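Reader: I would like a close look at how one pair of helices is packed in this model, followed by a walk outwards to the other parts that can be described with the same care. Please give the cut-off behind each term as you come to it.

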Amino acid sequence: MSIFPKISLRLEVESYLKDGFMNKEVVSALGKQEAERKFETLLNRLSHPPSFTTVRVNTHLASVQHVKNLLLDELRKQQFNGLSVPILQHPDLQDVLLIPVIGPRKNIKKQQCEAIVGALCGNAVLRGAHVYIPGIVSASKFMKAGDVISVYSDIKGKCKKGAKEFDGTKVFLGNGISELSRKQIFSGLPELKGIGIKMTEPVYLSPSFDNVLPSYLFLQNLPSAVVTHVLDPQPGEKILDLCAAPGGKTTHIAALMHDQGEVIALDKTFNKVEKIKQNALLLGLNSIRTFCFDGTKALKLDTVNNAEGGPPFLPESFDRILLDAPCSGLGQRPNMACSWTLKEVTSYQPLQRKLFTVAVELLKPGAVLVYSTCTVTLAENEEQVAWALRTFPCLQLHPQEPQIGGAGMMGAGLSLEQLKQLQRFDPSVVSLLDTDIDSLRDAVTGDMIWLANKDCIGFFIAKFIKGKCT
């Protein structure tokens, strides 16, 4: 059931998206009314969280069953105490565990004392996080440590920092207990970075993974785990993750290779590269080498080898390449508002093509290139595939395994056979459901897995094999 308004977008951005989802091919196949219904359903789904929390087990350090047992113990210590919530192992992704999200819970009593949090903080709360001090924008003037607080998200970013009340657009996220007084929170001390409000009655009940089994678990959206299995890294190979931050897919690649081989991870932002290093160290993975480097410049134009083995690289250097491209991110959930202009949303296609061109050059003949995004636009997904096949005759689309998402969207001139070789994760294909303990008790495991596969973030995957270029 829908309890939040649909994602708020600038009119020009919503019109742009609508044109893509109601293109001539789609309307011809579905009819105008059904195409429009699917588009409106998508906008509504984007403002709500997925039905499952997904975690990937670090199989390099422990078995899935061992970690599953540890996680069950952790859930009993959290808000799930007394609730029998199942943890499911995904049948097609053996290193992935699924935890149902309980909600929306509609009988939570709103409190007189309120706190307003920023939209990003609010999105995190809807996926199980507590409220950290930097995310608090406003609090009632009488708020004290230990008070029960109703938490709201300022989805349009209109609340002034430190305000004592806010009458603008706000969305109720649930209740929590304040760890600090209003005076302490807005004291101006920069070192205040811990939990400000501990959520006790969230609208969507999801486990918190803050410092929970950090060496054994990686919190990751389901399609993000699918990508690495589609890449299918093998021990001993040399693999490039061209846009690697924050390192979830990088570390997954290394784990699937049994930490045998070489995984090169690039990102052009120093702090993000440090985060990849931290994640690799935490997960006990030694095959990862990280470099702070712009992926668009990763191709070496001369033939002199780099003695350190770092970027730029000679052509045909890699057995497999993952290009999880920078994108408009319009598949992320929950996301109640996006203030981006049309210029910002459409700015990614040229950058993606630059990165893709470099990736093709760096790939050995017969090797694999996987392209993915966490957005829903036609321009950044199926249109990029059509462009790639026109531009690089040496590339061929390849069937994906596992195939969990739906086929690609019509509108880019690809054949039906080609669309079937793509994976588009489209949240609009499933109705929003109310999940409570009773419904979980009666649920069939196969039905729950099906729901987890469908009700996730918006995502796209394409797999290519490079032949001999003439």
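Author: The helices α11 and α12 are oblique to each other, because the angle between their axes falls in neither the roughly parallel class (under 35 degrees), the roughly antiparallel class (over 145) nor the roughly perpendicular class (65 to 115). This is a predicted model, in which local features need pLDDT of at least 70 and side-chain atom pairs count only at pLDDT 80 or more, while totals for chains, interfaces and linings use all residues. Residues are numbered from 1 along each chain as its sequence is written, and side-chain values use heavy atoms, with hydrogens and water left out.

Helix α11 covers residues 348-362 and helix α12 covers residues 382-391, and the two pack at an angle of about 40 degrees with their axes 11 Å apart. Here helices (H or I, at least four residues) and strands (E, at least two) are DSSP runs numbered from the N terminus, and axes are lines fitted to C-alpha atoms, for helices over the stretch in contact, with angles from 0 to 180 degrees between N-to-C directions. The crossing of α11 and α12 is right-handed, a word used when the near helix is turned clockwise from the far one by less than a right angle. On the α11 side the contact (heavy atoms within 4.5 Å) is made by Q349, Q352, R353, F356 and T357, which meet E383, Q384, W387 and A388 of α12. By class, the residues of this contact of α11 with α12 divide into three nonpolar, four polar and two charged, where Ala, Val, Leu, Ile, Met, Phe, Trp, Tyr, Cys and Pro count as nonpolar, Asp, Glu, Lys and Arg as charged, and the others, Gly among them, as polar.

A second helix pair can be described in the same terms. Helix α1 (residues 11-21) packs with helix α3 (residues 32-46) at an angle of about 135 degrees, and their axes lie 10 Å apart; α1 and α3 are therefore oblique to each other as well. The crossing in which α1 passes α3 is right-handed. From α1 the residues E14, L17, K18 and F21 take part in the contact, and from α3 the residues A35, E36, F39, E40, L42 and L43 do so. Sorted by class, the contact of α1 with α3 holds six nonpolar and four charged residues and no polar ones.

From the helices we can turn to a sheet. Six strands form an open sheet with mixed pairing, in the order β6-β10-β9-β8-β5-β7. At its edges stand β6 (131-132) and β7 (136-139), each with a single partner strand, so one side of each is left without a neighbour in the sheet. Two strands count as paired if DSSP finds at least two bridges between them. The edge strand β6 pairs with β10 in the antiparallel sense over two bridges, and V131 stands opposite I197 in β10. Strand β9 (residues 171-178) also pairs with β10 in the antiparallel sense, over five bridges, and there G174 stands opposite P202 of β10. By contrast, strand β5 (residues 114-118) and strand β8 (residues 148-154) run parallel and are joined by five bridges, with I116 standing opposite Y152 in β8.

Strand β10 also contains E201, which is partly exposed, with a relative accessible area of 33% (buried means under 20%, exposed over 50%, partly exposed in between, with a 1.4 Å probe and protein chains only). Leaving aside residues up to four places away in sequence, E201 touches R105, I108, G174 and N175. Between E201 and G467 there are 55 Å in space, C-alpha to C-alpha, and 266 residues in sequence.

Some backbone details in the loops complete the picture. L213, in the loop between β10 (195-202) and β11 (217-219), has a phi near 45 degrees, a positive value in a residue other than glycine, and this L213 is buried, with a relative accessible area of 14%. D259, in the loop between α8 and β13 (262-267), is likewise not a glycine and has a positive phi of about 60 degrees; D259 is buried, with a relative accessible area of 16%. A cis peptide bond with omega of about 5 degrees joins A245 and P246, and P246 is found in the loop between β12 (238-241) and α8 (248-256). Another cis peptide bond, with omega again about 5 degrees, joins E401 and P402, and P402 lies in the loop between β18 (395-397) and α13 (416-420).
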